Amino acid sequence: MKPGEVMFNAQCALCHGRKGDLGLSGAKDLTRSTLTREEMIAIVTHGKGGMMAYAKVLSAAEIEQVVDYARTLHAAE
Ligand code: HEC
């Protein structure tokens, strides 16, 4: 497993699910997200609504890795 995948399964899957589409606690379906990489990095860094900010949990480089992994879960169009 890549570091981004390990982090995603540890930190994000609780709400988003390992496939990104679980949607617990109002979590957005990441397989259907239309956000850009930069927008996702901003949400993970600063948090939004029911999602906490990860700025104090993960480094900027780790946030990039976890977002890049999350983007691979996107449903094929
Ligand atoms: C406590 C549950 C929870 C956890 C844990 C969580 N999220 Fe979220 N996430 C949410 C919720 C709720 C939203 C919707 C926020 C809103 O728009 O109000 C969201 C939205 C997002 C979005 C925006 C998607 C879109 O299209 O609007 C991204 C990207 C995202 N999360 C990535 C992550 C990543 C990466 C992690 C792990 C580092 C993570 N989330 C951990 C609950 C969570």
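## Ligand contacts

An oxygen atom of the ligand lies 2.6 Å from an N or O atom in the side chain of S33. Two elements, α1 and α2, each give two or more residues to the shell around the ligand. The largest share of that shell comes from α1, with four residues. This is a predicted model, and the distances and angles in this report are computed from it.

Two lysines also face oxygen atoms of the ligand. A polar side-chain atom of K28 is 3.2 Å from one such oxygen atom, and a polar side-chain atom of K48 is 3.4 Å from an oxygen atom of the ligand. There are 19 residues around the ligand, and those that come nearest are C12, C15, H16, S33 and M51. S33 is thus named both for its polar side-chain contact and among the residues that come nearest. As for its location, the ligand sits in the largest pocket.

## Iron site

The ligand carries an iron atom whose protein donors are H16, through NE2, and M51, through SD. These donors lie 2.0 to 2.1 Å from the iron atom. H16 belongs to helix α1 and M51 to the loop between α2 and α3 (60–72), so the pair ties together parts that are 35 residues apart in sequence. The site has six donor atoms, the angles among them run from 84 to 179°, and the geometry is octahedral.

The two protein donors can also be described by their accessibility. H16 has a relative accessible area of 9% and is buried, because the cut-off for buried is under 20%. M51, at 24%, is partly exposed. Both H16 and M51 are also listed with the residues that come nearest to the ligand.

## Helix α1 and residue A13

Helix α1 spans residues 3–16 and holds A13 as well as the iron donor H16. A13 has a relative accessibility of 11% and counts as buried; the under 20% cut-off is the reason, because buried is defined by it.

A13 can be compared in position with E38. The two residues are 25 apart in sequence, and their C-alpha atoms are 21 Å apart in space.

## The loop at S25

S25 is placed in the loop between α1 (3–16) and α2 (37–46). Its phi is near 55°, which is a positive value in a residue other than glycine.

S25 has a relative accessible area of 67% and is exposed, because exposed means over 50%. H16, by contrast, is buried at 9%.

Methods:
Residues are numbered from 1 along each chain as its sequence is written. This is a predicted model: local features need pLDDT of at least 70, side-chain atom pairs count only at pLDDT 80 or more; totals for chains, interfaces and linings use all residues. Side-chain values use heavy atoms; hydrogens and water are left out. Buried means under 20% relative accessible area, exposed over 50%, partly exposed in between (1.4 Å probe, protein chains only). Donors are N, O and S atoms within 2.8 Å of the metal (3.2 Å for Na, K and Ca); water is not among the atoms, so sites may look incomplete. Four donors count as tetrahedral if all angles lie between 85 and 135 degrees; four count as square planar and six as octahedral if opposite donors are over 155 degrees apart and all others between 65 and 115; anything else is irregular. A residue is near a molecule or strand if one of its heavy atoms lies within 4 Å of it. A polar contact is a pair of N or O atoms within 3.5 Å; within protein, one must be able to donate a hydrogen and the other to accept it, and residues adjacent in sequence count only if both atoms are side-chain atoms. On a 1 Å grid over the protein atoms alone, a cavity is a set of points where a 1.4 Å probe fits but cannot get out, and a pocket is an open set with protein on both sides within 12 Å along at least five of seven lines; lining residues have an atom within 4 Å of a point. A molecule sits in a cavity or pocket if more than half of its atoms lie within 2 Å of its grid points.
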